[in-house]
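Welcome! Let us take a friendly walk through a protein model together, one stop at a time. Keep the picture open beside you as you read.

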Amino acid sequence: MENGGGTTATGAENLSIKDNRTGRGYDFEIEDGTVRAMDFREIKVDEDDFGLMTYDPGYSNTASCRSAITYIDGEKGILQHRGIPIEQLCEHSTYLEVAYLLIYGHLPSEDEYNKWVYEVTHHTYVHESIKNFMDGFRHDANPMGMLLASVGALSTFYPEAANIDDEYQRHVSAVRLIAKMPTLAAFSYRHSLGLPYVYPDNDLSYTGNFLSMLFKMAEPRYEPDPRLERALDVLFILHADHEQNCSAAAVRVVGSSRVDPFSAIAAGVAGLYGPLHGGANVAVLRMLQRIGSTDNIVDFLEGVKQGNERLMGFGHRVYKNYDPRARIIRKHVDEVLEATNKESPLLDIAVELEKRALDDDYFTSRKLYPNVDYYSGLIYEALNIPTDAFTVMFAIPRTSGWMAQWVEMLHDPELKIARPRQIYTGPRDVDYVPMSER
Ligand code: CMC
């Protein structure tokens with residue numbers, strides 16, 4: 001609102017701005033530490049002026065929604081879901097309970113929990129045509145690309161899911177996505193190895209069944225190691241949600257068009273595929289393999305500091321401190337190596353590399369600390385997951401976070417289709433030149 005220098009009509013905290021082009025002053029309400037970008041449109045040079053826009057590439061300083069799902073304090077390294085610290089969830093909860101918490105906003109009662117687990121367990125099968133669809137991929141297809149396509153394809157199997165205002169449809173879509181994601185992921189992994197698909201085993205836990213679908217061979221019954229089941233469950237809890245990151249934002253942007261949830265979640269899978277997001281754990285492992293020995297760390301870090309490449313698994317848009325998820329994962333690396341009877345020369349390199357980087361002013365001055373992906377790849381490697389399938393391991397648990405973000409978005413009274421603005425920098429009013437004259 002244009003002002004003479006006073007407060008806003010409501011008396012709320014406000015920001016006074018003076019447009020030096022016109023000499024006019026404005027007061028904009030400050031609410032929850034934000035001002036509304038649309039208020040700036042009032043600032044015009046004259047009546048024909050479109051009004052001032054804000055410019056924020058990468059949305060580094062733009063809140064795109066109100067959310068009550070996940071709280072992060074990047075400076076202090078705090079992560080909480082529905083207010084509960086991640087450390088407590090990892091210690092006391094299960095991935096499926098956390099999924100319920102994220103989507104429904106509260107910890108389930110015993111009855112709610114049992115019903116939820118039962119529903120997820122009994123929706124793990126996929127239509128046989130999905131298997132045929134999987135068979136259509138090349139033998140060396142990237143499992144994440146296969147997952148992306150098959151999650152999108154689910155929308156054609158459940159057209160009723162497009163009825164997004166129906167509470168039951170939203171619920172059953174959440175159940176289906178959380179239940180089928182491990183099946184699709186395991187099928188894509190088995191396809192890439194030329195192995196027959198293993199059907200879900202409803203007597204096993206969520207992670208036990210997933211391990212069975214990945215690794216069962218000729219034995220009549222796959223018996224998952226409880227230590228690996230639990231380590232994987234903790235990894236799934238850690239990856240369940242992380243507020244408005246690239247993939248969650250993609251789910252919200254695509255979902256704002258009111259498309260069905262399978263298509264919206266496929267957008268999330270696509271976002272996660274990229275090496276700067278979910279693909280970073282693959283990049284970390286490749287980086288460690290390339291470094292090859294602790295003797296090469298100094299040269300490697302020199303190259304990073306000269307800007308030749310990035311130290312993958314370090315740095316975060318939000319965390320300017322040790323990522324709390326990385327701390328918890330680190331504790332589980334040794335446990336998994338022990339359960340799988342493995343030694344990891346890459347772990348030695350990772351530990352030494354972290355130590356050197358945290359001792360180096362280049363990294364500390366930029367507040368670059370290990371993020372969730374720094375150690376997760378080492379666990380996946382110990383579990384015999386091929387590098388190409390690492391991001392798939394991230395996509396499975398993140399599905400609950402995406403669904404929570406999608407459901408919350410649909411309830412938002414301020415929801416609008418996402419439609420950013422641009423600053424046009426190209427030419428104008430150029431005449432078309434016939435091909436023969438070019
Ligand atoms: N190695 C070396 N330098 C880095 C790194 C890194 N990993 N990350 C940031 N920097 C430097 C960057 O060069 C810049 O330096 P300067 O100010 O001299 O130009 C400064 O730190 C700020 O970097 P930025 O690119 O402006 O930071 P951002 O917030 O845009 O990027 C990031 C965040 C995660 C994309 C970035 O830190 C990165 O590329 N990290 C490596 C990839 C990675 O591990 N990604 C996983 C993220 S966690 C998983 C998830 O939640 O999705």
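Let us begin with Arg366, which counts as partly exposed because its relative accessibility is 45%, and partly exposed covers the range between under 20% (buried) and over 50% (exposed). Before we go on, please keep in mind that this is a predicted model. To find Arg366 on your screen, look in the loop between helix 15 (361-365) and helix 16 (373-382). Another way to place Arg366 is to look for Thr34: the two are 332 residues apart in sequence, and their C-alpha atoms are 25 Å apart in space.

What does Arg366 do with its polar side-chain atoms? One of these atoms lies 3.0 Å from an oxygen atom of the ligand. The ligand, taken alone, exposes 940 Å², and the protein buries 73% of that area.

Stay with the ligand for a moment and look at its other polar neighbours. In the side chain of His316, an N or O atom is 3.3 Å from an oxygen atom of the ligand. The side chain of Tyr362 also offers an N or O atom, and this one is 3.3 Å from a nitrogen atom of the ligand. Which residues come nearest to the ligand? Out of the 19 residues around it, they are His277, Arg310, Leu311, Gly313 and Arg317. If you sort the residues of this shell by character, you get 9 nonpolar, 5 polar and 5 charged.

Now let us leave the ligand and turn to pairs of opposite charge. How many salt bridges does the model contain? The count comes to 22, and we can visit a few of them.

Start with Asp140, whose salt-bridge partner is Arg138. The closest N and O atoms of this pair are 3.0 Å apart. Are these two residues buried or exposed? Asp140 counts as partly exposed because its relative accessibility is 42%, while Arg138 is exposed because its relative accessible area is 59%.

The next pair sits on a helix. Glu302 forms a salt bridge with Lys305, and here the closest N and O atoms are 3.9 Å apart. Both residues belong to helix 12 (residues 297-305), where they are 3 residues apart, or about one turn of the helix. Glu302 is partly exposed, since its relative accessibility is 37%. Lys305 is partly exposed as well, with a relative accessible area of 30%.

Helix 13 (residues 324-339) gives us another pair, Arg330 and Asp334. Their side chains meet in a salt bridge, with 3.7 Å from N to O. Because Arg330 and Asp334 are 4 residues apart in the helix, about one helical turn separates them. You can check their surroundings too: Arg330 is partly exposed at a relative accessible area of 24%, and Asp334 is partly exposed at 42%.

Salt bridges can also join up into a group. In this model, Glu31, Asp32 and Arg66 are linked in a network of salt bridges.

Our next stop is a strand. Asp19 lies in strand 2 (residues 14-19). Is Asp19 buried or exposed? It is buried, because its relative accessible area is 8%, and the cut-off for buried is under 20%. The side chain of Asp19 reaches the backbone nitrogen of Arg21 at 2.9 Å.

Finally, let us look at how strands line up beside one another. Strands 4, 5 and 6 make an open sheet of 3 strands in the order 4-5-6, with antiparallel pairing. Which strands form the edges of this sheet? They are strand 4 and strand 6 (84-85), each of which pairs on one side only.

Zoom in on strand 4 (residues 70-73) and strand 5 (residues 78-81), which run antiparallel and are joined by 4 bridges. You can follow the pairing residue by residue: Thr70 has His81 in strand 5 as its bridge partner, and Ile72 stands opposite Leu79 in strand 5. Together, strand 4 and strand 5 form a hairpin with 4 residues between them. In that turn, look for Gly77, which has a positive phi of about 70°.

Conventions. Residues are numbered from 1 along each chain as its sequence is written. This is a predicted model: local features need pLDDT of at least 70, side-chain atom pairs count only at pLDDT 80 or more; totals for chains, interfaces and linings use all residues. Side-chain values use heavy atoms; hydrogens and water are left out. Two strands pair if DSSP finds at least two bridges between them. Helices (H or I, at least four residues) and strands (E, at least two) are DSSP runs, numbered from the N terminus. A residue is near a molecule or strand if one of its heavy atoms lies within 4 Å of it. A polar contact is a pair of N or O atoms within 3.5 Å; within protein, one must be able to donate a hydrogen and the other to accept it, and residues adjacent in sequence count only if both atoms are side-chain atoms. Accessible areas come from the Shrake-Rupley method with a 1.4 Å probe; for residues, only the protein chains shown count as cover. Ala, Val, Leu, Ile, Met, Phe, Trp, Tyr, Cys and Pro count as nonpolar, Asp, Glu, Lys and Arg as charged, and the others, Gly among them, as polar. A salt bridge is a side-chain nitrogen of Lys or Arg within 4 Å of a carboxyl oxygen of Asp or Glu. Buried means under 20% relative accessible area, exposed over 50%, partly exposed in between (1.4 Å probe, protein chains only).
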